[in-house]
Structures are given as C-alpha cells and as structure tokens.
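Reader: Hello! I have the sequence and the model open side by side, and I would love a close look at how the side chains pair up. Could you walk me through the charged and aromatic contacts?

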Amino acid sequence: MKTLSAAAETAITSTVREWRTLVEISFTTPLRYSSGDNITWNSLSWVARPFDISAITTTTGGVGSIRLTLFNRDNALTSQFLSVNPRGKAVTVWALYGAGPWVLADGIELFSGVLDGVLEIGDSVVIEAAATRSGVLQVPSISVAHVTGLQRLPQPGDKFYWGGSMTSIDEWELKEQQ
C-alpha cells in the first residue's frame, strides 16, 4: 500500500481538491512540465506549460496508451521533437495533490510508457505513448504490437507545419523500391 504524507492525504480526502498533473519526457535533457505553476518535486524543477491528455486506452493491466498534446505557441518544443527521433523515449505522468511542499512519496504515477509517434508539430505537439507494462509493446521495445500508423498516412490536402511555414500535400503515390 502506498503511504502519502499527511498533507497529501488531507488534500486527497478534502471536499475541494487542489491537484496538478506532471509530465516527464526523457530526452537527453528531460522535459518536465506541470499543469499548474512552476514547482519543485522530487528535487527536480517542473515548468508550467499547458497540456492535455486524451485518447486514453485501457487494457486489463491498466492504461494501455495515451495521446498527449503539449501546447507549443512559443515554438519551444518544435526543435526538440524535430532534431531527435522521439520514438522510444520514456514518458511518465504523475498527479500531485495539495499545495506542497511535497515529498517523493506524494507523487501518484498515472502512466508510464514510451513515445510511439509524433502526430503533429505546430501550435501544439501531439504525441502518442504506449504503456510499458500494458502488454501492447513487443521486441524491440520501440515498436508497438498494434498497427496505428496506416490510418494516419497524410492525404492530399492535408496541411502541416515544416520549417516555420505551413505546407500542404498536393498529391502522392507509393512507389516500389528496386
């Protein structure tokens, strides 16, 4: 059984709950974001950045995958996701209750997995992650057993951001390589 600090236990059991969600993406320099203010938890700094967690799938073992939208209006994330292949990078989501200060045990892990793909880079960065404990992963660990990419192939007329400008796909065809 998980033991919380007295402050966190009081916050969880109170009628009005103050809480925040934390997201960590393990690039060489990890990205650590808080849904609330800038905070320190687990001796690490977490920067306030708006984000959304959606498209949550579940398996018998818990959460199977999530879609994470990081709002990128300042374009700070664009180079991070374009310069390094993010696939297979660890993603962890926690909840913290109360106003702090928090101890390490106060963090409640909501999701732990790896990035499976980047769906969009522009005013927001939309990524999908698969849980490492959900049974959806196969060897090698950066591959996901179920096929999700084929329904997301770009179609003629689709628009996307590339190099700071919007581009659209006029036409494409698959060609067999020889």
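**Side-chain pairs in the predicted model**

Author: Happy to. This is a predicted model, and R87 makes a good starting place: with 36% relative accessibility, R87 counts as partly exposed. Its side chain meets that of D116 in a salt bridge, at 3.1 Å from N to O. The two residues come from distant parts of the chain, 29 residues apart: R87 sits in the loop between helix 2 and strand 7, while D116 belongs to strand 8 (residues 108-121). D116 has a relative accessibility of 13%, so D116 counts as buried. The cut-off matters here, because buried means under 20% relative accessible area.

A search of the whole structure finds four salt bridges, so let's visit others. D74 and R49 form one of them, with their closest N and O atoms 3.4 Å apart. This pair also links distant parts of the chain, 25 residues apart: D74 lies in the loop between strand 6 (62-71) and helix 2, and R49 in the loop between strand 4 and strand 5 (51-59). R49 is buried, because its relative accessible area is 11%. Another salt bridge joins the side chains of R32 and E24, at 2.7 Å from N to O. E24 has a relative accessible area of 13% and is therefore buried.

Now for the rings. The count comes to five aromatic pairs. Among them is the pair of F27 and F81, which is edge-to-face, with 5.2 Å from centre to centre and 90° between the planes. F27 is in the loop between strand 1 (19-25) and strand 2 (31-34), F81 is in helix 2 (residues 78-83), and the pair thus links distant parts of the chain, 54 residues apart. Both F27 and F81 are buried.

W46 and W94 form an edge-to-face pair as well, at 5.6 Å centre to centre and with 80° between the planes. Here W46 of strand 4 (residues 44-48) is linked to W94 of strand 7 (residues 90-97), a distant part of the chain 48 residues apart. W46 has 1% relative accessibility, so W46 counts as buried. W94 is buried too, because its relative accessible area is 14%. To see the wider group, add W41 to your selection: W41, W46 and W94 form one aromatic cluster.

Technical notes. Residues numbered from 1 in each chain as written. Predicted model: local features only at pLDDT ≥ 70, side-chain atom pairs only at ≥ 80, totals over all residues. Heavy atoms only, no water. Phe/Tyr/Trp six-rings, centres within 6.5 Å; stacked < 30°, edge-to-face > 60°. Helix = DSSP H or I, 4+ residues; strand = E, 2+ residues; numbered from the N terminus. Buried < 20%, exposed > 50% of the residue type's maximum accessible area, 1.4 Å probe, protein only.
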